[in-house]
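Here is a short report on one protein chain. Take a look at the fold before reading on.

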Amino acid sequence: PTDAIETQDWAKQRLAKSPRHQEWVKVKNGTREVNSFVVYPEVKNKATAVVVIHEIFGMSDWVQSLTDQLAEAGYIAIAPDLLSGMGPNGGGTSSLDRNGVGQAIRDLPPDQITADLNAVADYVSKLPASNGKVVVTGYCWGGSQSFRFATNRPSLKAAFVFYGSAPAGSDNAPDKTALTKITAPVYGFYAGNDARIDATIPATT
């Protein structure tokens, strides 16, 4: 469906004007193939890689534009469509309407998310243009997943969490056991007037 996500023409236009090399790759995770958008920086030296985790709106034009902006800053950036294979006829984000995207993301098995992200991080760390270092960033739902990925991948060099909450237990309190597994610095970016997510910060820190 063409209404899968709100058309973000400004993001599409910015992406179309980019001089950087962009490509779609299929990253293997067992029997799954994770459709991922990669943009390479225009640099001479090997670069650090950034795994970009999309919002609850899935693989949007904005996410692709952001991935390009990270490459512009000198990083190899890769954004996996975590809905790959989860839509009708094995499709991803683009095969679902807006409500379908949100519901499909809520239904994603946590272990599958981790395995997909690990496969993508492994893939990008081994590219010839990569220096082997991998960081993660995510936004809203993706921000929470970035925080969670930091608890599951000790080799991460950093996690950048944009208005995402820490992993929580069934009582919604931060999962302190999971947090002790984090070995990388986690940088949190939060809005001053976002009461829902800001309420999670004191208990996390």
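Cysteine 140 sits in the loop between β5 and α5. The model is predicted. Cysteine 140 has a positive phi of about 60°, although it is not a glycine. Most residues other than glycine have a negative phi. Tyrosine 163 also has a positive phi, near 40°, and is likewise not a glycine. Tyrosine 163 lies in the loop between β6 and α6 (176-179).

How exposed or buried are these two residues? Cysteine 140 counts as partly exposed because its relative accessibility is 34%, between the cut-offs of 20% and 50%. Tyrosine 163 is partly exposed too, with a relative accessible area of 31%.

**The second largest pocket**

Cysteine 140 returns here. Which residues lie nearest the centre of the second largest pocket? They are Cys140, Trp141, Ser144, Gln145 and Ser165. The full lining has 14 residues. The pocket holds about 200 Å³ of space. Rolling a probe the size of a water molecule over the atoms shows where empty space is left.

Two helices, α5 (141-152) and α7 (195-198), each supply at least two residues of this lining. Helix α5 gives the most, with four residues. By class, eight lining residues are nonpolar, four are polar and two are charged.

**Nonpolar cores**

The largest nonpolar core has 33 residues. Inside this core, Val51 and Ile76 have the most contacts. Strands that give two or more residues to the core are β1 (22-29), β2 (32-39), β3 (47-53), β4 (76-80) and β5 (130-139). Helices that do so are α3 (98-106), α4 (110-125) and α5. The largest share, six residues, comes from α4.

What does valine 51 touch, leaving aside its neighbours within four places in sequence? Its contacts are Ile78, Pro80, Leu117, Val120, Ala121, Val134, Val135, Val136 and Thr137. A second, separate core has 12 residues, including Val52, Trp62, Ala79 and Tyr139.

**Three buried polar or charged side chains**

Histidine 54, threonine 151 and arginine 153 come next. The table gives the place and relative accessibility of each.

| Residue | Place | Relative accessibility |
|---|---|---|
| Histidine 54 | loop between β3 and α2 (61-72) | 1%, buried |
| Threonine 151 | helix α5 | 8%, buried |
| Arginine 153 | loop between α5 and β6 (158-162) | 10%, buried |

Start with histidine 54. Histidine 54 is buried because its relative accessibility, 1%, is under 20%. A polar atom of the histidine 54 side chain lies 3.2 Å from the backbone nitrogen of leucine 82. Beyond four places in sequence, histidine 54 is in contact with Met59, Val63, Pro80, Asp81, Leu82, Leu83, Ile105, Tyr139, Trp141 and Gly142. Among these contacts, Tyr139 belongs to the second core. Trp141, another contact, is one of the residues nearest the centre of the second largest pocket.

Threonine 151 is next. What does the threonine 151 side chain reach at 2.5 Å? Its partner is the backbone oxygen of arginine 148. Farther along the chain, threonine 151 touches Pro167, Ala178, Leu179, Lys181 and Ile182, not counting residues up to four places away in sequence. Asparagine 29 is 122 residues from threonine 151 along the chain. Their C-alpha atoms are separated by 19 Å.

Now arginine 153. Why does arginine 153 count as buried? Arginine 153 is buried because its relative accessible area is 10%, and the cut-off is under 20%. The arginine 153 side chain makes a polar contact with the side chain of asparagine 118, at 2.8 Å. Arginine 153 touches Asn118, Ala121 and Asp122, leaving out residues up to four places away in sequence. One of these, Ala121, is also in contact with valine 51.

**Isoleucine 201**

Where is isoleucine 201 found? Helix α8 (residues 201-204) holds isoleucine 201. Isoleucine 201 is partly exposed, with a relative accessible area of 25%. Isoleucine 201 and glycine 100 are 101 residues apart in sequence. In space they are 30 Å apart, C-alpha to C-alpha.

Technical notes
Residues numbered from 1 in each chain as written. Predicted model: local features only at pLDDT ≥ 70, side-chain atom pairs only at ≥ 80, totals over all residues. Heavy atoms only, no water. 1 Å grid on protein atoms, 1.4 Å probe; cavity = no way out; pocket = protein on both sides within 12 Å on 5 of 7 lines; lining within 4 Å. Points joined across faces, edges and corners; volume = space filled by probe spheres on them. Nonpolar A, V, L, I, M, F, W, Y, C, P; charged D, E, K, R; others polar. Core = buried A, V, L, I, M, F, W, Y, C linked by side-chain atoms within 4.5 Å. Buried < 20%, exposed > 50% of the residue type's maximum accessible area, 1.4 Å probe, protein only. Contact = heavy atoms within 4.5 Å. Polar contact = N/O pair within 3.5 Å; in protein donor to acceptor, adjacent residues only side chain to side chain.
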